[in-house]
Amino acid sequence: HDAGTYDKASNTGGPRAAQQYPGGEDAHGANAGLDIARDLLQPLKARYPDMSMADLWALAAVVAIEASGGPVIPFRPGRVDAKSAAESVEDGRLPDATQGVDHLRSVFGRMGLDDADIVALSGAHTLGRAHKDRSGFEGPWTENPLVFDNSYFKDLLTKKWTKVTNSEGNEQYADETGEVMMLPSDMALLEDPIFKGLVEKYAADQTAYFKDFSTAYQKLSELGIPQAEVPWAALKADIAQLVLDKGCAPILVRLAWHDAGTYDKASNTGGPRAAQQYPGGEDAHGANAGLDIARDLLQPLKARYPDMSMADLWALAAVVAIEASGGPVIPFRPGRVDAKSAAESVEDGRLPDATQGVDHLRSVFGRMGLDDADIVALSGAHTLGRAHKDRSGFEGPWTENPLVFDNSYFKDLLTKKWTKVTNSEGNEQYADETGEVMMLPSDMALLEDPIFKGLVEKYAADQTAYFKDFSTAYQKLSELGIPQAEVPWAALKADIAQLVLDKGCAPILVRLAWHDAGTYD
């Protein structure tokens, strides 16, 4: 009822939590009794003050549906609360339960929703019951009103419905037992051939219903809220194609790694800011030699997606490159802010030195706020790529398949026979028996420390464990220094799910969010 006030033509109404203010939408007839839901959620708003009330109501409905056995519905924050009751819209924007097909198409059409959305969203009546002191109707729609499934559609088609007049003098429909009911607007779904076809589809196939409901409910819940600036899915597809076309996964990972790896936790300086994009700063650091290749490869994508920061692009490119090379899925969160000029570059020497050992590794990674498990997991990124003597002074790949992300690096560290050699640049590195692959002194150091070696052995034996730890460590690296999300969404979702469990309040939470969004025009 929060979202369902939306009007697309005027871009008014929609999920703004206007019901929280006395004397506005809270007094609309369709919202009678929703003070119960608002009061239930108020303690959570106090616990999570940085989120909007409208986002809380919307998320509460999404969690309530899932906790009741329904589909997972994507949630995107960004709803802006109304400032007062003066921002309430006029009464009458929500569906009228006494009306039929034309009314439903008019009300939902005003929100920008179509026939499939109408029928799918009507199925939310599988949860809850009507209360005569709130709506003038009485009874549950299904026999299990706290379970979200496709019973509503099955019952519409298979039960024998009889029109009755309830104790409030309003017409509704009762089944043979008199235990469950339907409203006139529910029965209208059987009067229209398009609507009825969808009812039949959803009655026969709960999976199809859950899929369409998830899509429709996400549309409803996001009515009127700003669209995300960057089409992340399209951008990820473009990066994946670039990796496929150019075989450039290793250098994209190195670019993002060297951008983030400058972070200093104590001073909160460095980190992923794309400072290398400016001549005369970090681009000139010795460790970044050759990274102009990666920066140039990504520049056309920055032109195509101008609303994202360069640092976010570099970070996402690495995440996609790892996944496209067979590695783990790594969560990505935007929010990196680009350096404004080369003057914001940090001093040279913050990145790991490949000639050094255990103490150096702990010092460099510790400065970033990373631990031993992170050090070893992130070292495993050497499974991708090769060293180039004109960039680093070292030469050769770490593994036999340098475009495949797996746990070969750890297996090779343990099982191959490594011999110290001096390369053509006069630098010491290690060669295996074939002379085809190599390790750096900093790689061999992982075998010198018992903690590091234990992790190497763990990852060599169990690629799944390695991928899990690498994903965690790489996400930490890639987010060093960027602002944390204001709201701990996972904790909040858990708290809402517990509330639903404790209070059995899923139906009224869904109704609250529905009536908030459904005012949109």
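Hi everyone, let's start with a small sheet: three strands form an open sheet in the order β4-β5-β6, and the pairing is antiparallel. Its edge strands are β4 (162-165) and β6 (181-182), each of which pairs on one side only. Strand β5, residues 171-174, pairs with β6 in the antiparallel sense over two bridges. One of the pairs to look for is Ala 174, whose bridge partner in β6 is Met 181.

Some ground rules before we go on. This is a predicted model, where local features need pLDDT of at least 70 and side-chain atom pairs count only at pLDDT 80 or more, while totals for chains, interfaces and linings use all residues. Residues are numbered from 1 along each chain as its sequence is written, and side-chain values use heavy atoms, with hydrogens and water left out.

And the words I just used: two strands pair if DSSP finds at least two bridges between them. Helices (H or I, at least four residues) and strands (E, at least two) are DSSP runs, numbered from the N terminus.

Now the whole chain. The protein chain has 20 helices and twelve strands. Along its principal axes, the C-alpha trace spans about 95 × 45 × 40 Å. Of the 521 residues, 54% are buried; buried means under 20% relative accessible area, exposed over 50%, and partly exposed in between, with a 1.4 Å probe and protein chains only. Take contacts, meaning heavy atoms within 4.5 Å: among those between residues at least 6 apart in sequence, 72% join residues at least 24 apart.

Next, a second sheet. In what order do its three strands lie? The order is β9-β10-β11, in an open sheet with antiparallel pairing. Strands β9 (419-422) and β11 (438-439) stand at the edges with a single partner strand each, so one side of each has no neighbour in the sheet. Four bridges join β9 to β10, residues 428-431, and these two run antiparallel. You can trace the match yourselves: Val 421 stands opposite Gln 429 in β10, and Thr 419 has Ala 431 as its bridge partner there. The hairpin of β9 and β10 has five residues between the strands, and Gly 426 in that hairpin takes a positive phi near 85 degrees.

On to a helix, α15, residues 408-415, which is the place of Phe 410. Is Phe 410 buried or exposed? Phe 410 is buried, with a relative accessible area of 0%. Leaving aside neighbours within four places in sequence, Phe 410 is in contact with Val 376, Ala 377, Gly 380, Val 456, Tyr 459, Ala 460 and Tyr 466. The buried residues of α15 also include Ser 408, Tyr 409, Asp 412 and Leu 413. The buried residues of this helix pack against α14 (372-379), β11, α16 (441-444), α17 (450-461) and α18 (463-478). So that you get a feeling for scale, Phe 410 and Glu 176 are 234 residues apart in sequence and 68 Å apart in space, C-alpha to C-alpha.Compare that with Gly 261, found in the loop between α10 (249-260) and α11 (292-304). Gly 261 and Met 368 are 107 residues apart in sequence and 7.3 Å apart in space, C-alpha to C-alpha. At 0% relative accessibility, Gly 261 counts as buried. Beyond its neighbours within four places in sequence, Gly 261 is in contact with Arg 350, Leu 351, Arg 367, Met 368 and Leu 477.

Another loop residue is Ser 52, between α1 (35-47) and α2 (53-67). Ser 52 counts as buried at 15% relative accessibility. The side chain of Ser 52 reaches the backbone nitrogen of Asp 55 at 3.0 Å.

Last stop, helix α19, residues 489-503. At 1.5 Å a residue, the 15 residues of α19 should span 21 Å, and its end C-alpha atoms are 21 Å apart, which agrees. The expected span is 1.5 Å times one less than the number of residues. In α19, Leu 492, Ile 496, Leu 499 and Val 500 are buried. Why do the buried residues of α19 line one face of the helix? Seen down the axis, they fall within an arc of 100 degrees, the arc being that of the directions from the helix axis to the C-beta atoms. The face turned away from the buried side of α19 carries the exposed residues Ala 490, Leu 501 and Asp 502. Just after α19, Gly 504 takes a positive phi of about 55 degrees.

Thanks for listening!

Terms used: Polar contact = N/O pair within 3.5 Å; in protein donor to acceptor, adjacent residues only side chain to side chain.
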